[in-house]
Amino acid sequence: MQVTLLGTGDTTGTPTVGCDCDTCTEARRRGVERSRFSVHVRNGRTGESLLVDASPDFRHQFLTHDVPLPDAMVISHIHFDHLDGLGNAYRVFDDLPVYAADETDPATGESVADTVRSKYDYLDRITVHDVSPFETRRICGLDVTLVPVDHPPLLCYGLVVEDPETGAKLSLSGDTSYDVPTESRGALRDPDLFLADGIVPASLCEYHPIGGRHENDQGVPRTFGSKHMTREGALELAEELDAKTTRLVHTAHFYPVDEAFEEPLAVDGEQYEL
Ligand SMILES: [Zn+2]
Ligand SMILES: [Zn+2]
Ligand SMILES: [Zn+2]
């Protein structure tokens with residue numbers, strides 16, 4: 001499978017509009033972007049493509065990267081930066097299957113699939129399919145599994161995408177704190193490529209209203225606030241999962257400029273052959 005990172009930024013992206021911080025300025029100078037989150041997975045055997053999350057930058061992403069339009073989508077959770085690009089399906093797709101989790105979220109009283117269905121009830125170009133967590137579905141010839149992660153107050157899911165023929169494995173942490181449940185860690189284990197939410201370095205936790213949590217033995221917070229992993233937390237999770245290659249995604253322009261373009265922070269357009 002060929003994996004293209006279409007959107008590697010957090011909810012404001014880098015550069016952030018109206019921002020002239022050193023990191024946004026340097027991104028403009030380098031001509032690189034971290035747009036809102038989306039990952040394109042192409043099955044080389046069947047020629048089909050699966051899109052993970054519907055970025056608000058969908059149009060721009062498909063105009064700037066040479067990848068085919070998807071044959072199906074999976075939605076990890078209902079935050080703006082992962083869902084609100086779905087309106088782009090209008091007059092672009094005839095019938096696009098969209099897969100999302102079926103568990104009722106106590107915070108909303110609906111599942112992710114329900115919210116997608118109700119929010120886009122005007123859009124007859126999509127068909128929403130319910131999937132249970134840990135239930136593997138064959139989508140675009142690939143085995144896709146949603147695994148619960150920790151992104152309070154909303155339910156959110158990481159993702160495992162495996163090629164049943166070659167055994168190639170892509171794991172995505174989804175938007176999550178370091179507190180990923182054990183069963184989900186088991187499913188995410190041993191990926192060829194791991195895309196991990198590492199929104200900021202742990203050093204920035206002092207600027208978060210509730211600080212950091214899930215400290216390691218050295219007292220370094222592995223969670224920024226309550227919703228996302230720090231860089232350090234993401235890298236520890238990658239090590240625990242024994243990831244062959246790790247890219248940090250969902251990164252914010254708050255990374256100091258001398259750290260923002262260091263490895264293994266991803267930028268838009270990176271491609272991996274698994
Ligand atoms: Zn900025
Ligand atoms: Zn989120
Ligand atoms: Zn997000």
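Hi everyone. Let me open with a definition: four donors count as tetrahedral if all angles lie between 85 and 135 degrees, they count as square planar if opposite donors are over 155 degrees apart and all others between 65 and 115, and anything else is irregular. Keep that in mind for the metal site. And please remember throughout that we are looking at a predicted model.

So, to the zinc ion (ligand 2). Which residues coordinate it? They are His-77 through NE2, His-79 through ND1, His-151 through NE2 and Asp-175 through OD, at 2.2 to 2.4 Å. If you follow these donors along the chain, their spacing reads H-x1-H-x71-H-x23-D. Now the geometry: the angles among the 4 donor atoms run from 90 to 168 degrees, and the site is irregular. The zinc ion (ligand 2) also has company, since the zinc ion (ligand 3) lies 3.4 Å away and Asp-175 coordinates both.

Let's look at two of those histidines. Is His-77 buried or exposed? His-77 counts as buried, because its relative accessibility is 0%. His-79, on the other hand, has a relative accessible area of 23%, so it is partly exposed.

Let me move on to charged pairs. Side chains of opposite charge can pair when their charged atoms come close. How many salt bridges does the structure hold? There are 18, and I'd like to walk you through a few.

Start with Arg-137 and Glu-135, whose side chains meet in a salt bridge at 2.9 Å, N to O. Both ends are partly exposed: Arg-137 has 24% relative accessibility, and Glu-135 has a relative accessible area of 27%.

Next, Glu-240 and Arg-185 form a salt bridge in which the closest N and O atoms are 2.4 Å apart. This pair links distant parts of the chain, with Glu-240 in helix α6 (residues 231-241) and Arg-185 in helix α5 (residues 182-188), 55 residues apart. Glu-240 counts as partly exposed at 36% relative accessibility, whereas Arg-185 counts as buried at 11%.

Helix α6 comes up again with Arg-231, which forms a salt bridge with Glu-259, the closest N and O atoms being 2.8 Å apart. Here too distant parts of the chain are linked, since Glu-259 sits in helix α7 (residues 257-260), 28 residues from Arg-231. At 18% relative accessibility, Arg-231 counts as buried.

One last thing to find on your screens: Glu-26, Arg-29 and Arg-30 are joined into one network by salt bridges that share partners. Thanks for listening!

How values were computed
Residues numbered from 1 in each chain as written. Chains lettered and ligands numbered in written order. Predicted model: local features only at pLDDT ≥ 70, side-chain atom pairs only at ≥ 80, totals over all residues. Heavy atoms only, no water. Donors = N, O, S within 2.8 Å, 3.2 Å for Na, K, Ca; no water. Tetrahedral: all angles 85-135°; square planar, octahedral: opposite > 155°, others 65-115°. Buried < 20%, exposed > 50% of the residue type's maximum accessible area, 1.4 Å probe, protein only. Salt bridge = Lys/Arg side-chain N within 4 Å of Asp/Glu carboxyl O. Helix = DSSP H or I, 4+ residues; strand = E, 2+ residues; numbered from the N terminus.
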